[in-house]
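Me: I've got a model open and I'd like a close look at one part of it. Could you walk me through a single strand and its partners, then place it in the rest of the chain?

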Amino acid sequence: MPKTNDILNEDEIASLGASLRAIEQKLLKQGQKDSKTRIWFQGEEPYFDVFFELNNDEILWFQFTLRGKSITWDKRKPELQTGNTNELCLDDVSFYAASKTIENDRQQDWEFIYLVKSILRSRSEEPIFAKALTLFN
């Protein structure tokens with residue numbers, strides 16, 4: 001794995017993966033008329049979460065954010081898109097989770113992609129994370 005800006009070793013990567021906890025489903029707005037399901041995992045670190053939108057167990061949309069960086073994948077345009085969030089900005093708006101914005105990178109951030117893949121791999125025994133790993137192929 002290439003070096004990351006925050007140089008993480010295997011133990012730190014495993015710790016990040018292990019810290020992801022599923023958020024209670026009733027807190028997420030689910031589609032009323034379709035079979036879409038939303039799943040949200042939040043990590044122990046601030047600004048660390050993973051979102052999935054599924055239809056019949058197929059990933060339609062995926063977003064992973066960590067330390068002000070993000071990866072998004074959408075079935076309608078099936079490629080990984082990296083970017084930066086406003087979560088590390090110190091203004092009043094960024095303190096509200098619903099106000100998170102993402103500015104896409106012009107070129108993919110391969111270091112971050114490899115880091116995210118490693119974190120997901122640490123949970124690959126769970127079906128949702130195994131499915132997410134296939135998006136990186």
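Reply: A quick definition before the details: two strands count as paired if DSSP finds at least two bridges between them. Keep in mind that this is a predicted model.

With that in hand, take strand β4, which covers residues 58-66. On one side of the pairing list, six bridges link β4 to strand β5 (residues 69-74), and the two run antiparallel. If you want a spot to zoom in on, Phe-64 sits opposite Ile-71 in β5. The link from β4 to β5 is a hairpin with two residues between the strands, and Arg-67 in that turn has a positive phi of about 50 degrees.

Now for the other partner. Strand β3 (residues 49-55) is joined to β4 by seven bridges, again in an antiparallel arrangement. Here Asp-49 is the residue facing Thr-65 in β4. β3 and β4 also make a hairpin with two residues between the strands, where Asn-56 adopts a positive phi near 50 degrees.

So how enclosed is β4? Seven of its nine residues are buried, so the strand is largely enclosed by the rest of the structure. The cut-off behind that is a relative accessible area under 20%. As background, side chains in a regular strand alternate between the two faces of the sheet.

Zooming out, the chain has three helices and seven strands, and from the N terminus the order reads α-β-β-β-β-β-β-β-α-α. Of the 137 residues in the chain, 40% are buried. The chain exposes about 8,800 Å², with carbon and sulfur atoms supplying 50% of that. Among contacts between residues at least 6 apart in sequence, 37% join residues at least 24 apart.

The helices are worth a glance too. α1 packs against helix α2 (residues 110-121) at an angle of about 65 degrees, with the axes 8 Å apart, and the crossing is right-handed. Ile-13, Leu-16 and Gly-17 from α1 meet Leu-115, Ser-118 and Ile-119 from α2. By class, that contact has four nonpolar, two polar and no charged residues.

Last stop: Ser-15, which lies in helix α1 (residues 10-19). Ser-15 is partly exposed, at a relative accessible area of 48%. Its C-alpha atom is 9.2 Å from that of Glu-44, although the two residues are 29 apart along the chain.

Note on methods
Residues are numbered from 1 along each chain as its sequence is written. This is a predicted model: local features need pLDDT of at least 70, side-chain atom pairs count only at pLDDT 80 or more; totals for chains, interfaces and linings use all residues. Side-chain values use heavy atoms; hydrogens and water are left out. Helices (H or I, at least four residues) and strands (E, at least two) are DSSP runs, numbered from the N terminus. Buried means under 20% relative accessible area, exposed over 50%, partly exposed in between (1.4 Å probe, protein chains only). Contact means heavy atoms within 4.5 Å. Accessible areas come from the Shrake-Rupley method with a 1.4 Å probe; for residues, only the protein chains shown count as cover. Axes are lines fitted to C-alpha atoms, for helices over the stretch in contact, and angles run from 0 to 180 degrees between N-to-C directions. A crossing is left-handed if the near helix is turned anticlockwise from the far one by less than a right angle, and right-handed if clockwise. Ala, Val, Leu, Ile, Met, Phe, Trp, Tyr, Cys and Pro count as nonpolar, Asp, Glu, Lys and Arg as charged, and the others, Gly among them, as polar.
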